[in-house]
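Trainee: I'm new to this one, so could you walk me through it?
Mentor: Gladly; have a look, and then we can start with a term.

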Amino acid sequence: MAEVNVKRVKSSEIELKDRLVAINRVTKVTKGGRTFSFAAIVVVGDENGVVGYGLGKAKEVTTAVQKGVDDAKKNLIKVPVLKGTIPHEQIGKYSGAKVFLKPAAPGTGVIAGGAMRAVLESVGVKDVLAKSKGSSNPHSVVKATINALLQMKDPYTVAQLRGITLDKVFNG
């Protein structure tokens, strides 16, 4: 996993909103009968370029969600968001899931399916075109989307590295 800009963020400094992506009911069969437990995958973000995901497992749904939120707050990353969209096209992969993200014109909205939508909205992206290919497993899709966002290059940094203005980065 080529992580270009892993910028860790402290969860205490920002106001985070959590989104529940999926709940999975898991059954363990013992000699005393069936034991049910829940696994919840949660995405948290400040809708301003910070996002993280977490997995919580517990006997009750609410406890599982709370554990997921706590886990998500432990691994937050910073993502470059430019004028409400992403800086460039990017492909993200995790296990069998592949996601394709493409910047969109203002007013387009978030064109993305379930698990990807939760991640992109938590980041604060307002306009983006996204396509999920391969596995539709929410766990894999969330991780693939995060992987794609991690590979995003900040346009300001690119302009500085090349020694040119920001306009020239986009207009070639």
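Mentor: A salt bridge here is a side-chain nitrogen of Lys or Arg within 4 Å of a carboxyl oxygen of Asp or Glu. This is a predicted model, in which local features need pLDDT of at least 70 and side-chain atom pairs count only at pLDDT 80 or more, while totals for chains, interfaces and linings use all residues. Residues are numbered from 1 along each chain as its sequence is written, and side-chain values use heavy atoms, with hydrogens and water left out.

Trainee: OK, how many salt bridges does the structure hold?
Mentor: There are four. In one of them, the side chains of Glu121 and Arg19 meet at 3.6 Å, N to O. That pair links distant parts of the chain, since Glu121 is in helix 2 (residues 114-123) and Arg19 is in strand 1, 102 residues apart. Helices (H or I, at least four residues) and strands (E, at least two) are DSSP runs, numbered from the N terminus.

Trainee: And what does Arg19 do with Glu47?
Mentor: Their side chains also meet in a salt bridge, at 3.3 Å from N to O. Arg19 lies in strand 1 (residues 17-30) and Glu47 in the loop between strand 2 and strand 3, so this pair ties together parts that are 28 residues apart in sequence.

Trainee: Which residue forms a salt bridge with Glu121 from within helix 2?
Mentor: That is Arg117, whose closest N and O atoms with Glu121 are 3.3 Å apart. Both lie in helix 2, four residues apart, about one turn of the helix. Salt bridges that share partners join Lys17, Arg19, Glu47, Arg117 and Glu121 into one network.

Trainee: How covered is Arg117, then?
Mentor: Arg117 is partly exposed, with a relative accessible area of 33%; buried means under 20%, exposed over 50%, and partly exposed in between, using a 1.4 Å probe and protein chains only. Arg19 is partly exposed at 24%, Glu47 at 27% and Glu121 at 26%.

Trainee: Switching topic, where does Asp46 lie?
Mentor: Asp46 lies in the loop between strand 2 (33-45) and strand 3 (50-58). Asp46 is buried yet has no salt bridge, and the nearest side chain of opposite charge, Lys78, is 6.0 Å away. For charge, Lys and Arg count as positive and Asp and Glu as negative, while His and the chain ends are not counted.

Trainee: What does the side chain of Asp46 reach?
Mentor: The side chain of Asp46 reaches the backbone nitrogen of Val50 at 3.1 Å, and one of its polar atoms lies 2.9 Å from the backbone nitrogen of Asn48. A polar contact is a pair of N or O atoms within 3.5 Å; within protein, one must be able to donate a hydrogen and the other to accept it, and residues adjacent in sequence count only if both atoms are side-chain atoms.

Trainee: What about helix 3, is it buried or exposed?
Mentor: Of the 13 residues of helix 3, 10 are buried, so this helix is largely enclosed by the rest of the structure. Among the buried ones are Val141, Ile146 and Leu149. Asn137 caps the N-terminal end of helix 3, with a side-chain oxygen 3.0 Å from the backbone nitrogen of His139.

Trainee: And how many helices and strands are there in the protein?
Mentor: The secondary structure comes to five helices and eight strands, and buried residues make up 40% of the 172 residues.
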